[in-house]
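Open the model in your viewer and get ready to click through some charged side chains. We'll go stop by stop, with a selection to make at each one.

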Amino acid sequence: MLCTRLTNARFLTMDPDHPVAHDLGIWRGRTVGLDEAVTSLPAREVIDLQGATVLPGFIDPHVHLAWTGFKQKTPSIAGRTRIDDVLATVEEAVTHNGSPGAWVSIAGYDQRALGRHLTAAELDKVSHGRKLLVMHDSGHGCLVNSAVLDLLPADIQHESGFLAEGAMGAARALRLPYSQRELAEAIARAAHTCLAEGVTACAEAGIGGALFGHSPVELGAYQLAHESGLLPLRVQVMVSADRLHPAAAHEADGIPRALDLGLRTGFGDHRLSVGALKIYTDGGMMARTAALSSPYEGLDHMGELQDDPEVLADTIVDGHLAGWQLAVHAIGDRAADVALDALERAQRLRPRPGARHRIEHAGLIRPDQLPRFARLGVSAVVQPNFLRYFGDDYAAIMGEERAPWLYRGKAFLDHGIPLVGSSDRPVTDGSPLRAIQFMVERTSESGQVIGPDEGITLDEALRAYTVAGAFACRWEDSLGSLTPGKLADLVVLGDDPRRVDTSRIGDIEVVATYVDGRETGKPTPGARNWRSSWSEGGP
């Protein structure tokens, strides 16, 4: 007997052997059959989906759950365009924190909206003795006041209180880590946001490190969330490479650096597992710290690498030798050169054809770099919504020649490079449907078309958020398509992306999300009420 049969729907399975179905059977959290294979079987529950469209649950292989959850509860200056308004909001947040000398966090900082960076001196006027940390929306910088600057080592560089990349990490390190309970609750908040947008599985892009980590025992917070029933979707955690340390392993193992006990990619279960080793090579375009091979338009610099290229390369090689899948953050083309050179060297030293290394972001990739991606077998994990929301700015700072190379789509596929869609939540909107719309039409919110030749088909875009996402996270045996034997994770949509105008894809309602064959949470306001009938022998 089936646990559940979903019927009267248009299932877009993403499985070429059975691409469209009308019935789907579920037993113990897995899809066990489609159409005639299950239509006549008895089921404990039969759910009539009333003609809805159903896809495999979306997979987002690059998110920041804890950061997202904390940001949702942090006072924000997002959307403010006047410096006086920003400072007033900061002062209000400080006033509500009654402990003199305490830390106050502010979210939503983006200097582009203000026309310039704020300064520590301006923050000093409204901080009333508190230590202020104003997080840049990119995650690659922060603004602090003098109370924080006074605590930093003298060699930490800053621009009137703005700290970028490693300097930001030094400021964050001054704060006590969040407790595991606080982290678990933040993770849960973010997870429910993901589910509301149809995401059933994701990869947390870097725990425990100086840039985006929140605690040296951060993995324990995910375990606590799992054990406490606060983890309603599947999570794979990437570990920041700065957690590696020299390992006194047997010389035959060839492991120069490792985590304690040799923990690496693959440990865990279907709900919570350890994924790739996260390695940062450069910064971000919003903060103008992505490392380019020629200067930003209108600026006299080319961004920055996170460290000396040889140091970065050694970390990449050591991670490969230790058996990790690697997720190498490389946004600018100069950073991509560093990553590709190191991956090539690593594969020469110890060939691992099935390593499935990834380049995270691949924001600006020159034409000559594409064949190298293909030869090395690396995936490009891109964020289409970056161009949807920031595309006008990114195109301007890249200039006419380079703008078409931003967050490519078709060029990756034409070279046989796995194209994987993701969000980098909370840097920008995490909606897969809005990202899928951009991948097809390449149109920013203002209507500017950016790199029109990089547009891909709808089916290719859907694949980027299902099948390709599963492949990037090594989940292809259990997720990514509605195939018998795989886990029954799926998203119910209010319309069919293949049958609406491209400009409407991002507005399609996510009616329900299922994980392990069970609907998660409550339907969104205005969602359909499914007719459910119960019996031992079907309806």
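Start by selecting Asp489: this residue is buried, at a relative accessible area of 4% (buried means under 20% relative accessible area, exposed over 50%, partly exposed in between, with a 1.4 Å probe and protein chains only). A quick note before moving on: this is a predicted model, where local features need pLDDT of at least 70 and side-chain atom pairs count only at pLDDT 80 or more, while totals for chains, interfaces and linings use all residues. Residues are numbered from 1 along each chain as its sequence is written, and side-chain values use heavy atoms, with hydrogens and water left out.

Now add Arg234 to the selection. Its side chain meets that of Asp489 in a salt bridge, 2.6 Å from N to O (a salt bridge is a side-chain nitrogen of Lys or Arg within 4 Å of a carboxyl oxygen of Asp or Glu). The two come from distant parts of the chain, 255 residues apart: Arg234 sits in strand β14 (residues 234–240), and Asp489 in the loop between α17 (467–472) and β22 (490–493). Helices (H or I, at least four residues) and strands (E, at least two) are DSSP runs, numbered from the N terminus. Arg234 is buried too, with a relative accessible area of 2%.

Next stop: select Arg288 and Asp393. They form a salt bridge, with 2.8 Å between the closest N and O atoms. Arg288 is in the loop between β17 (272–280) and α10 (309–321) and Asp393 is in helix α13 (residues 384–402), so this pair ties together parts 105 residues apart in sequence. Arg288 is buried at 16% relative accessible area, whereas Asp393 is partly exposed at 21%. Keep both selected and add Asp110 and Arg112: these four are linked in a network of salt bridges.

Move on to Glu344 and Arg372, another salt bridge, whose closest N and O atoms are 3.3 Å apart. Glu344 belongs to helix α11 (residues 333–349) and Arg372 to helix α12 (residues 370–376), so parts 28 residues apart in sequence are tied together.

How many salt bridges does the rule count? The total comes to 29.

Finish with Lys131, in strand β10 (residues 131–136). Which side chain of opposite charge is nearest to Lys131? Select Asp150, which is 10 Å away; Lys131 is buried yet has no salt bridge. (Lys and Arg count as positive and Asp and Glu as negative; His and the chain ends are not counted.) Leaving aside neighbours within four places in sequence, Lys131 is in contact (heavy atoms within 4.5 Å) with residues including Trp103, Val104, Asn145 and Leu151.
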